[in-house]
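Visitor: Could you take me on a close look at the place where the two parts of this protein meet? I am new to this, so please explain the terms as you go.

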Amino acid sequence: MSTTGTSSFVVVANRLPVDRVVTADGRTTWRRSPGGLVTALAPVMRAYDGAWVGWTGTPDDAPDRFSTDDMDLVAVPLSAEDVAMYYEGFSNATLWPLYHDVIVSPEYHREWWDAYRKVNQRFAEAAAEVADEDAVVFIQDYQLQLVPQLLRRMRPDLKIGFFLHIPFPPTELFAQLPWRRQILEGLLGADLVGFQRTGAAGNFESLADHFTSATLAGDRLITEDGREVLARAFPISIEVEEVARLADDPEVKARAATIREEVGSPKYILLGVDRLDYTKGIGHRLKAFGELLRDGVITPEEAVLLQVATPSRERVEAYQTLRDEVELQVGRLNGDFGRIGTPAVHYLHSSYERAELVALLLAADVMVVTPLRDGMNLVAKEYVSARSDLRGALVLSEFAGAADELGDGAFLVNPHDIDGLKRTMMAAMRIEDAEAEQRMKLLRDHVISHDITRWARDFLTALRAI
Ligand code: GDG
């Protein structure tokens, strides 16, 4: 692997897959970062020996091309103003809420759009520079939707794939966007546009057909200059073996047993693991759990809820408000139902090592995944991968992409229906061993045979075939 020259496989993503760590003696090292995208792509990068173009996560930081954790990394610099306008602004306060069904109102600011265009151009230039003749370039996610078109203009020789990790909204929502045509044209620069769900690919096809000069012909969009663009679902997955290995580690198993004791050895541990994001339905989950305690259906001795809420986008206003709301709810629940030494909800606003996360998955009787809208939700798949003991139950929102694949074994739920959520959480707690086993087998059969390697292979095979 080289850290100079060009590469035949290039990933372009907002963030590099590493975080900077400064050691006690002032040296910089890099550590693989948490989060869905990185969890998903690190093994693919290793398998294909590629280069990764992205931002380091620190404003005005532009280290030379470097190599770490078997990956060749190319940093794209962002100024503090770029971060505020392109990343926190247009990506996370315009596109993220719009694409997630306007749970929070999207903000439309022309200066944010200008910054988005400018930064997308910078990413496209970096990718154009690092890509070999006829290379495959795989662009990730909503922050970089203009890159396919910008890159194609500079490098028509490339094979360009784009994958959207979040939902793609229906016409009624997408049409709000003042720059809807430009975004669609940006995506149409790719040969293959991948989505989590079939419905999202359909939304894109009809929007492109309606708002751009491309026309839909069978399963292809034909652009004005006669190019074919394919839009299809490629449901993303996880590195099943990594989770299974940790789940099988005696130390991790022992830690799971200790966690059970530390929370007071209740009959049932319910677990939520999410970035602290308003799409994840953490409030709905807390409300349902609180009502079960209030109604006396369960007692705090019988059941505890463990909620890991990983800090996220802390400079975006909606996330600050959400944190206040969630913490108020947790405080109320513990005030009403907790005892000295035994809170009803164990709320952890922090980020954990993978081994600790897997220990939590092993300790949980019921995994509660209740997003109001979610592209896929990898945590649901991680839970299933950890449970080779065939115990435990998965409560899963219909509005997570994972529901398309895991509907047979999971307890599907509409998180807006609090009574339904309460009933489903109770059913999952009281499941008989034989049924739990049967459901977990179905879930595991699917996840094990549809892991991240298969996702990448399917996407890249489809891309190369175009
Ligand atoms: C986006 C889409 C889509 C969480 N806390 C810690 C930690 N995590 C890991 C989880 C999981 C990942 O982060 C989160 O992935 P999700 O899929 O649940 O959610 P998003 O971050 O919103 O991801 C999503 C995904 O992209 C992939 O396409 O599924 O729909 O929104 O792997 O385990 N990891 C560590 N410490 C933590 O504290 N190490």
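Guide: Here is a walk along the boundary between the two domains. Please keep in mind that this is a predicted model, in which local features need pLDDT of at least 70 and side-chain atom pairs count only at pLDDT 80 or more, while totals for chains, interfaces and linings use all residues. Residues are numbered from 1 along each chain as its sequence is written, and side-chain values use heavy atoms, with hydrogens and water left out.

The protein has domain 1 (7–236 + 453–465) and domain 2 (240–449), with bounds that come from an automatic or database domain assignment. Their centres, taken over C-alpha atoms, lie 30 Å apart. Where they meet, 20 residues of domain 1 are in contact (heavy atoms within 4.5 Å) with 27 residues of domain 2.

Together the domains bury about 1,900 Å², 55% of it on carbon and sulfur atoms; buried area is the accessible area (1.4 Å probe) that two parts lose on being put together, summed over both. Trp-96, Ile-103 and Arg-197 supply 31% of the area that domain 1 buries against domain 2, more than any other three residues.

Arg-197 also forms a salt bridge with Asp-404, with the closest N and O atoms 2.8 Å apart. A salt bridge here is a side-chain nitrogen of Lys or Arg within 4 Å of a carboxyl oxygen of Asp or Glu, and the count between the two domains is three.
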